[in-house]
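Q: Please take a close look at one part of the structure shown below and explain how it sits among its surroundings. A connected account with the cut-offs spelled out would suit me best.
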Amino acid sequence: SLATFNAALEIACKANLLKDAEKIYQGILSANLRPDKISMNAFLFGLGRGGKLQEARNYLKKCEEMLFFADKISYTSLISGLCKAGHMNEAHHALKDMEKAGIFPDIVTYSALMDGLCKAGQLEKSMALFSKLKSKGCIANVFTYSILIDGLCKDLKIDEAYRLFNEMLDHCCVPTIITYNTLINGLCKANKLEESWRIFQEALRHGCVPTVETYNILIGAYCRNAQLSKAFTLYHEMWRENIQPDTVTYNCLIHGLCLVGRVTKGYEILQNMKRKGCHPTIATYNTVLDGFCQGGEIDKARKLLLKMVRDGVKMDSFTHNTFISLVLKIGNVDEALATLQNLVNGGFSPNVVTVNIFLSILSKLGFCDTIHDVLAVMPIGCLLIDDITIDILLQNYFVLGKVSQGSLLLDEITKRGFSV
């Protein structure tokens, strides 16, 4: 049925699968079904996401030939798609097309433009458009305000965001939980935790139901500032309110515990996550591993790595580099080299951070000759060296008068395919 085709078309367009969307649209025609406004608007949104303004214009002409005319929602769908994909020039051209067709944009159309401008880093243009609309008597809605508050917060213009929030209330425009989350997040990033808590309480008083994102924003902020009692109070409140904590929640709590040296407690939470219906990610494991490594707890770090292997966790470069760094710092050079060799044999490609860790720590420990062994293990031509690499060489060789050693090492690095 047409409804089934339309549902599939909307899914494909929202997922930016334009080729699939085109096949589905052709399927509508092949089935001798007449596309309706839902089909048209979904397809226009998809063309917009793909930056296909000319194709959209051609499509609109074909629709007109069939006496099927675009309306305000149609053009807004196209403009919204263009904006979401960052095609702002095309979006402005589509707006002009809309006006030439005698269809006047409304606040929904302009909100899509403002959202696109904010996401493209053109906050000032977005605010200028907002001011222009206000001067013409255009009334903003909750989505308009939420878009601009989000843009201001991301630009760290918290005072302006707060002023706009108050303006919103003055105009009897009721904020949604998304609006509150945006403002709370901005205040937290500006380290205004008391103010963010006050806004949270205000949201509750106005009947807004907090989401897991609301709690995660606050828990993350409290954990970053070592206010763990407040973070755990909110965590327990989530359970009381039947809001299931997610991986972000647990990662925040574990990170906070590791920051204050309570790594073992963080590890306990990681182990209990699955029982609570939540699966740890590589970021969860890396946080605990980094905590053990920062505290010099090599045995616990080793056990965690074994657990990661047993759990089938795919380790990343941060995992390997963190462990290698600890092993080197405590003087276990042979273990570090063996670990690197095993990783390379297993298909892991060391990165510039790996190189810098070995260069920096081995130079400080006086194992300069061992650096050649490290380079011999590295796959040829797989890495770039950066300014930090050069700085390490300068500080540990050239400044100390070991010019010939430093030069030879730099020659060896570049000969092995490493690019400066």
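What is the relative accessible area of R198, and does that make R198 buried, partly exposed or exposed?

A: R198 has a relative accessible area of 35%, which makes it partly exposed. Buried here means under 20% relative accessible area and exposed means over 50%, with partly exposed in between, using a 1.4 Å probe and protein chains only. The model is predicted, so local features need pLDDT of at least 70 and side-chain atom pairs count only at pLDDT 80 or more, while totals for chains, interfaces and linings use all residues. Residues are numbered from 1 along each chain as its sequence is written, and side-chain values use heavy atoms, with hydrogens and water left out.

R198 forms a salt bridge with E195, and their closest N and O atoms are 3.0 Å apart. A salt bridge requires a side-chain nitrogen of Lys or Arg within 4 Å of a carboxyl oxygen of Asp or Glu. The two residues are three places apart in helix 12, so about one helical turn separates R198 from E195. Helices are DSSP runs of H or I with at least four residues, numbered from the N terminus. An α-helix has 3.6 residues a turn, so residues three or four places apart point the same way. E195 is partly exposed too, at a relative accessible area of 25%.

By this rule, the salt bridges number 15. Another of them is formed by K192 and D159, with the closest N and O atoms 3.4 Å apart. This pair links distant parts of the chain, since K192 is in the loop between helix 11 and helix 12 and D159 is in helix 10, 33 residues apart. K192 counts as partly exposed at 35% relative accessibility, whereas D159, at 61%, counts as exposed.

On the other side of that loop, helix 11 covers residues 177–189. Of its 13 residues, 10 are buried, so helix 11 is largely enclosed by the rest of the structure. Among the buried ones are Y180, N181, L183 and C188. What covers them includes helix 9 (142–154), helix 10 (158–170), helix 12 (193–205) and helix 13 (212–224). The end C-alpha atoms of helix 11 are 18 Å apart, which agrees with the 18 Å expected for 13 residues; the expected span is 1.5 Å times one less than the number of residues. Just after helix 11, N191 takes a positive phi of about 65 degrees.

L183 is also one of the residues with the most contacts inside the largest nonpolar core, which has 124 residues; I219 is another. Such a core is a set of buried Ala, Val, Leu, Ile, Met, Phe, Trp, Tyr and Cys residues joined through side-chain atoms within 4.5 Å. Leaving aside neighbours within four places in sequence, I219 is in contact (heavy atoms within 4.5 Å) with residues including A231, Y235, M238 and C252.

C252 also holds the cysteine sulfur closest to that of C223, but at 6.0 Å the two are too far apart for a bond. C223 is buried, at 0% relative accessibility. The structure holds zero disulfides, a disulfide being a pair of cysteine sulfur atoms within 2.5 Å.
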